[in-house]
Amino acid sequence: MDRTGKIPEVHIDQDSGFCFGVLSAIGKAEDELSRSKELYCLGDIVHNGMECQRLAEMGLKTISHGQFNTLRNAKVLLRAHGEPPSTYCTAAANGTTLIDATCPVVLMLQKRIREQYNKIDKSRQQIVIYGQKGHAEVLGLVGQTEGTAIVIETPDDIAGIDFNKDIFLYSQTTKSSNGYSKIIETLNRQMQSGAILSYFNTICGQVSHRRENIREFAKTHQTIIFVSGQKSSNGKVLLNECLSVNPRTFSVEGPDDITPEMLKDTGSIGICGATSTPKWLMEQCRQRVLDSL
């Protein structure tokens with residue numbers, strides 16, 4: 001409660017929760033599991049441990065790419081992040097049935113990069129991707145270029161770029177637009193005479209919209225409980241958006257992480273999360289807050 005002894009209101013951000021791509025992938029998994037006892041998923045279906053555990057209890061088995069390569073005549077779900085062409089080739093060779101839940105926005109970006117790569121003059125032009133190195137989506141994007149695209153995470157990551165060559169720059173769909181703008185500015189300053197930088201707005205509109213909404217939500221509450229898995233790239237971005245306008249923002253993975261110190265001497269409390277955070281988990285966090293007041 002606050003210093004006047006009044007019990008604060010606790011609100012869940014209605015714009016938080018699964019994005020369309022994640023919601024579709026989980027729906028496809030649940031639909032298949034309702035008919036079949038066995039379904040594999042190539043990597044975590046979503047970067048949220050509690051949701052992964054819920055689906056595991058329904059029968060979803062998460063496997064690595066190494067395990068995927070050894071499967072024969074199995075059924076495997078491809079998550080929303082997307083996969084490189086090599087994954088589809090392996091499935092065809094091994095008789096594996098794919099349930100492709102790649103997000104339509106990611107699929108469109110893969111197609112754009114693949115078409116651009118097939119058109120460029122490799123001796124004078126290069127493809128650069130702003131994204132998290134090793135992230136599943138980024139690996140799928142790089143795969144469209146036969147592994148040749150250069151991935152940069154920060155403005156300091158430009159050593160591998162040849163600034164005498166033209167650059168075609170794309171962004172991972174869930175990256176920060178502010179971060180992307182800084183990358184564009186950095187590359188523009190480095191371009192050599194005669195070389196051209198072409199960049200494209202490939203950040204998901206739904207994700208960008210959430211950044212604006214979550215900042216407004218964070219401004220209207222004294223304390224923010226941000227719910228997200230530690231692996232979530234989008235979670236890190238949205239957490240920073242909350243912190244930028246409300247320093248009294250606490251990051252938790254679930255209700256067990258909520259402590260009395262977070263709720264001490266506070267007014268209204270807002271609960272929000274990433275595009276990989278299920279609504280049911282935010283509801284559990286809200287209940288834990290209410291029980292602790």
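Which residue caps the N-terminal end of helix 7? I began my notes with that, working on a predicted model. The cap is S176: one of its side-chain oxygens lies 3.2 Å from the backbone nitrogen of N178.

**Entry 1: helix 7 itself**

I stayed with helix 7, which covers residues 177-190. I checked its length next. With 14 residues at 1.5 Å a residue, helix 7 should span 20 Å, and its end C-alpha atoms are indeed 20 Å apart, so the two values agree.

Then I looked up which residues of helix 7 are buried. They are G179, Y180, I183, I184, T186 and L187. Seen down the helix axis, these buried residues fall within an arc of 165°, so they line one face of helix 7. A general point helped me here: an α-helix has 3.6 residues a turn, so residues three or four places apart point the same way.

I turned to the other side as well. The face of helix 7 turned away from its buried side carries N178, K182 and R189, which are exposed.

**Entry 2: what helix 7 lies on**

What covers the buried residues of helix 7? I found that the cover includes strand 6, strand 7, strand 8 and strand 9. Helix 7 lies across these four strands and runs at about 170° to strand 8.

I then followed the strands. They form an open sheet in the order 7-6-8-9, with parallel pairing. Its edge strands are strand 7 (150-152) and strand 9 (197-199), each pairing on one side only. Direction ignored, neighbouring strands of this sheet are turned by 25° against each other on average.

I took a closer look at one pair. Strand 6 (residues 125-130) pairs with strand 7 in the parallel sense over three bridges, and I129 stands opposite V151 in strand 7.

Helix 5 (residues 104-119) also went into my notes: it lies across strand 6 and strand 8 (166-171), at about 170° to strand 8.

**Entry 3: another sheet**

I noted an open sheet of four strands with the order 1-12-10-11 and parallel pairing. Strand 1 (10-12) and strand 11 (249-252) are its edge strands. The twist averages 20° from one strand to the next.

Here I followed strand 10 (residues 223-227), which pairs with strand 11 in the parallel sense over four bridges. In this part of the model, F226 stands opposite S251 in strand 11.

Two helices went down last. Helix 8 (residues 205-219) lies across strand 1, strand 10 and strand 12 (269-273). Helix 10 (residues 279-292) lies across strand 1, strand 10, strand 11 and strand 12, running at about 160° to strand 12.

Definitions and conventions
Residues numbered from 1 in each chain as written. Predicted model: local features only at pLDDT ≥ 70, side-chain atom pairs only at ≥ 80, totals over all residues. Heavy atoms only, no water. Pairing = 2+ DSSP bridges. Helix = DSSP H or I, 4+ residues; strand = E, 2+ residues; numbered from the N terminus. Axes fitted to C-alpha atoms, helices over the stretch in contact; angles between N-to-C directions. Contact = heavy atoms within 4.5 Å. Expected span 1.5 Å × (residues − 1). Buried < 20%, exposed > 50% of the residue type's maximum accessible area, 1.4 Å probe, protein only. Arc of directions from axis to C-beta. Polar contact = N/O pair within 3.5 Å; in protein donor to acceptor, adjacent residues only side chain to side chain.
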